Every structure is written in structure tokens, then in C-alpha cells.
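Good morning, colleagues. Please keep the sequence and the structure in view while I speak; I shall move from one hairpin outward to the rest of the fold.

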Amino acid sequence: MIFSRKRADEARDNGVLDAEETPSAPDRGPYDVSEAPEAPRLDLGSLRIPAVPDVEVRVQADPQGVIQQVVLVHGQNALQLGVFAAPRSEGIWDEVREEIRQSLVSDGATAQEVEGEHGPELHARVGTPDGPTDLRFVGIDGPRWMVRGVFQGAAATDPAAAGPLAACLDGLVVDRGQEAKPVREPLPLRLPREVAEQQAADSQEV
């Protein structure tokens with residue numbers, strides 16, 4: 001019997017699976033922390049970023065070390081990541097994707113839905129002070145969470161150009177936690193303790 005991640009989660013909740021039928025971990029991520037294979041990763045709290053050669057992890061954080069934005073950069077390509085709470089019963093990417101599309105169109109951008117490796121994606125061209133910019137929105141529903149990625153650069157129009165950034169997405173781990181959270185609330189991201197302490201020390205010296 002083959003189970004998708006969502007079906008397997010529901011089956012466990014309903015008592016359908018016994019120990020012998022527990023499905024194996026998916027072949028690629030983003031993974032839930034309960035099923036992730038061991039690998040070196042940068043622990044940002046709810047997100048753990050795999051170590052991929054030549055990929056730079058850029059974060060914007062407040063003085064308390066709470067991260068506001070995570071962007072992975074490889075050459076001229078970038079991948080902005082976000083992770084959000086979702087209900088146990090169903091995914092939210094379909095609904096979120098439609099809202100993003102409507103917002104883009106209302107702002108005068110073009111947006112087209114395309115089937116990608118992780119399911120439906122949204123490809124858009126938006127106006128910026130530097131001229132038109134292509135964006136590719138990817139969403140992956142997991143057990144009680146959703147990861148949203150936004151590719152920029154050549155990777156926005158040619159998924160094959162994503163290379164190491166796609167590898168980061170496939171190796172991503174989400175630690176949802178057990179506490180109740182409103183649907184779509186961003187899951188908390190924090191700098192590793194040693195980084196936060198260094199940042200605090202640097203700010204005191206200024």
C-alpha cells in the first residue's frame with residue numbers, strides 16, 4: 001500500500017496504520033522533522049537548512065535574534081523561504097497560491113500556473129525600478145505546515161537553473177512543534193544561539 005505524506009498522516013490519526021504498515025520517509029523534502037534523514041543542517045528553529053556547497057544563507061533578524069526573512073543565494077539566483085502553520089486535515093497551498101495570483105494581477109503583474117516538480121507553481125513577471133523581474137512561487141504542504149519558496153533569477157523561468165537551491169529545498173526540514181497555532185501564522189525562526197550572541201555583542205560595541 002502506497003501512502004502520500006498527507007494520507008499517511010491522516011491514517012495514523014485514524015488508527016488505520018499499524019507498526020508494520022508505517023510508510024517510509026519520502027524520497028525528498030521538505031521533510032517533517034519526524035521523518036528527516038540525517039544530514040548537516042543550519043538550525044533556524046522551525047526551519048533547518050541543508051549545507052549545500054556554494055549556497056549562501058542570508059537572514060534578516062531583529063536584535064533579539066528573531067528572523068524576519070531567509071534568503072538562499074547561489075550566483076545570480078535566489079530562493080526566499082517561508083514556513084507557515086496549516087491545519088491537520090488539509091493543505092493550504094492551493095488557497096494561498098490563488099490569493100498570491102489575484103494580488104499579483106491586481107498590481108498589474110502577469111501570473112500563470114504551471115505544474116512543477118512539487119506540484120502547481122505560480123510563475124509571475126512583476127515590475128520593479130530595475131525593470132521586469134521574473135518570480136517563481138513554489139508551495140509544499142506537509143503535516144500541519146506549509147513551506148513557500150520564491151525563486152528569483154534564471155531559476156524563476158528555468159527550474160533546471162535552480163541547481164543547488166533546488167537541492168536546499170529538497171533537503172529542507174520543518175520542525176512544526178506541538179503547540180496550537182492559527183492557520184497561516186509564520187512559524188518562529190531564530191538565529192542559532194552562538195550567532196545571536198555574537199550579533200548582540202556586536203550591536204553593543206557600536
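In the hairpin of β9 and β10, R144 takes a positive phi near 70°, and 2 residues lie between the strands. Please bear in mind that this is a predicted model. In general, most residues other than glycine have a negative phi. The two strands of this hairpin, β9 and β10 (residues 145-152), are antiparallel and are paired over 8 bridges.

Let us stay with this pair of strands for a moment. Which residue of β10 stands opposite R136? It is F151. The two side chains also meet in another way: R136 lies over the face of F151, at 4.1 Å from the ring centre. As for contacts between aromatic rings, the structure holds 0 aromatic pairs.

I turn next to the other neighbour of β9. Strand β8 covers residues 119-128 and β9 covers residues 131-142; they pair in the antiparallel sense, with 8 bridges. These two strands likewise form a hairpin, with 2 residues between them. Two bridge partners may help you to follow the register on the screen. L122 has F137 in β9 as its bridge partner, and A124 has L135 in β9.

Now to the sheet that contains these hairpins. How many strands form it, and in what order? There are 7 strands in an open sheet, and the order is β4-β5-β6-β10-β9-β8-β7, with antiparallel pairing. At the edges are β4 (56-61) and β7 (110-116), each of which pairs on one side only. From one strand to the next, the twist averages 25°.

Two strands of that sheet bring us to a pocket. The second largest pocket has a volume of about 210 Å³. It is lined by 14 residues, of which I67, Q68, G82, P186 and L189 are the closest to its centre. Both β5 (67-74) and β6 (77-85) supply at least two residues of this lining. Which element gives the largest share of the lining? That element is β6, with 5 residues. In character, the lining divides into 9 nonpolar residues, 4 polar residues and 1 charged residue.

There is another sheet to describe. This open sheet has 4 strands, in the order β1-β11-β3-β2, and its pairing is mixed. Its edge strands are β1 (31-32) and β2 (41-43), each pairing on one side only. Within it, β2 and β3 (residues 47-50) run antiparallel and are joined by 3 bridges. One of the positions to look at is R41, whose bridge partner in β3 is P50.

I close with two points of backbone geometry in loops. The first topic is a peptide bond. Is the bond between G29 and P30 cis or trans? It is cis, with omega at about 10°. P30 is located in the loop between α1 (5-13) and β1. As a rule, most peptide bonds are trans.

The second topic is a phi angle. D54 has a phi near 70°, which is a positive value in a residue other than glycine. Where does D54 lie? D54 is in the loop between β3 and β4. With that we return to the start of this talk, where R144, in the hairpin of β9 and β10, was also given a positive phi near 70°. Thank you for your attention.

Definitions and conventions:
Residues are numbered from 1 along each chain as its sequence is written. This is a predicted model: local features need pLDDT of at least 70, side-chain atom pairs count only at pLDDT 80 or more; totals for chains, interfaces and linings use all residues. Side-chain values use heavy atoms; hydrogens and water are left out. Rings of Phe, Tyr and Trp (its six-membered ring) pair if their centres lie within 6.5 Å; planes under 30 degrees apart count as stacked, over 60 as edge-to-face and the rest as tilted. A charge sits over a ring if NZ of Lys or CZ of Arg is within 6 Å of the ring centre and within 35 degrees of the ring normal. On a 1 Å grid over the protein atoms alone, a cavity is a set of points where a 1.4 Å probe fits but cannot get out, and a pocket is an open set with protein on both sides within 12 Å along at least five of seven lines; lining residues have an atom within 4 Å of a point. Grid points are joined across faces, edges and corners, and a volume is the space filled by probe spheres set on the points. Ala, Val, Leu, Ile, Met, Phe, Trp, Tyr, Cys and Pro count as nonpolar, Asp, Glu, Lys and Arg as charged, and the others, Gly among them, as polar. Two strands pair if DSSP finds at least two bridges between them. Axes are lines fitted to C-alpha atoms, for helices over the stretch in contact, and angles run from 0 to 180 degrees between N-to-C directions.
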